[in-house]
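Trainee: Please take a close look at the central part of this fold for me. Keep it brisk, and give me the cut-offs as you go.

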Amino acid sequence: MKKALGDPDVLNKRIPSSHRYDDVQAQVRTGGNVLRAMDAPVAHKDERFKRMRPSTLQRLLTEAEPELKVVLLDMRTLEEYTACHIEEALSYPIAMLSRSTNPFIPEVFANKNKEGVVLVVYDYEEKISSLGATLMFEKGLDNVVLLSGGLRRYVEEGLPGVVGTPPPPPPSPS
């Protein structure tokens, strides 16, 4: 039988204590967890803005003291907004972004690049709001966030706060 290399009691050896670190508590930091990762805004490849899940938006809208103030912007036409929208949303049609002078409504201008404020844009299925978020970023707004899945996904998840009757889902491809 061969003799093991090194000291066999090396793992039982105690590290000498130092009074200098008596106040320090042990902490285990394992990095991000699934819950934090699900709530964190994410950016897709080639997008300059971040995205937010409908459940995260609902949490921020209903918390008594949320960590972020939300300015919710519906980028559909005024007729579509009137028919159905999320309760705290403001109507901000994408056509307003093409104006050469003053493309922003006062609520957007007041919260432009403000710390702790996000401008969440949405439409029914992200068809125009992703373009709107890109245009807003190009016009100097760094705190733009897109609602992932749009109003359709918000309604599908059964989240409260929808005013009006949501449009029927598109027919599924057969």
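Mentor: What follows starts with the sheet and then moves to its surroundings.

This is a predicted model; local features need pLDDT of at least 70, side-chain atom pairs count only at pLDDT 80 or more, and totals for chains, interfaces and linings use all residues. Numbering starts from 1 along each chain as its sequence is written, and side-chain values use heavy atoms, with hydrogens and water left out.

First, the frame. The chain has six helices and seven strands. Helices (H or I, at least four residues) and strands (E, at least two) are DSSP runs, numbered from the N terminus. Their order from that end is α-β-α-β-α-β-β-α-β-α-β-α-β. Five strands form an open sheet in the order β1-β6-β5-β2-β4, with parallel pairing. Pairing requires at least two DSSP bridges between two strands. At the edges sit β1 (50–52) and β4, each paired on one side only.

Now β2, residues 69–74. Five of its six residues are buried, that is, under 20% relative accessible area (exposed is over 50%, partly exposed in between; 1.4 Å probe, protein chains only). For the whole chain of 174 residues, the buried share is 31%. β2 pairs with β5 (residues 117–122) in the parallel sense over six bridges. With β4 (residues 90–91) the sense is also parallel, over two bridges. Leu73 of β2 shows both partnerships: Val121 stands opposite in β5, and Leu90 is its bridge partner in β4.

Next, the packing. A nonpolar core here is a set of buried Ala, Val, Leu, Ile, Met, Phe, Trp, Tyr and Cys residues joined through side-chain atoms within 4.5 Å. The largest one has 19 residues; Met52, Leu57, Val70, Leu72, Ile86, Val120 and Tyr122 touch the most other members. Two or more residues each come from α2 (54–62), β2, β3, β5, β6 (144–147) and α6 (150–156). A second, separate core holds 18 residues, including Ile105, Val108, Val121 and Val144.

Tyr122 links several of these places. Beyond residues up to four places away in sequence, Tyr122 touches, among others, Leu72, Asp74, His85, Ile86, Leu147 and Leu151. Contact means heavy atoms within 4.5 Å.

His85 belongs to strand β3 (residues 84–86). His85 is buried, because its relative accessible area is 10%. A polar atom of its side chain lies 2.8 Å from the backbone oxygen of Tyr81. Leaving aside neighbours within four places in sequence, His85 contacts Asp74, Arg76, Tyr122, Gly161, Val162 and Val163.

Last, the open space. The largest pocket holds about 210 Å³. Its lining counts 13 residues, with Lys50, Val118, Asp142, Asn143 and Val145 nearest the centre. β5 and β6 each supply at least two lining residues. A pocket is an open set of points on a 1 Å grid over the protein atoms alone, where a 1.4 Å probe fits, with protein on both sides within 12 Å along at least five of seven lines; lining residues have an atom within 4 Å of a point. Points join across faces, edges and corners, and the volume is the space filled by probe spheres set on them.

Key: A polar contact is a pair of N or O atoms within 3.5 Å; within protein, one must be able to donate a hydrogen and the other to accept it, and residues adjacent in sequence count only if both atoms are side-chain atoms.
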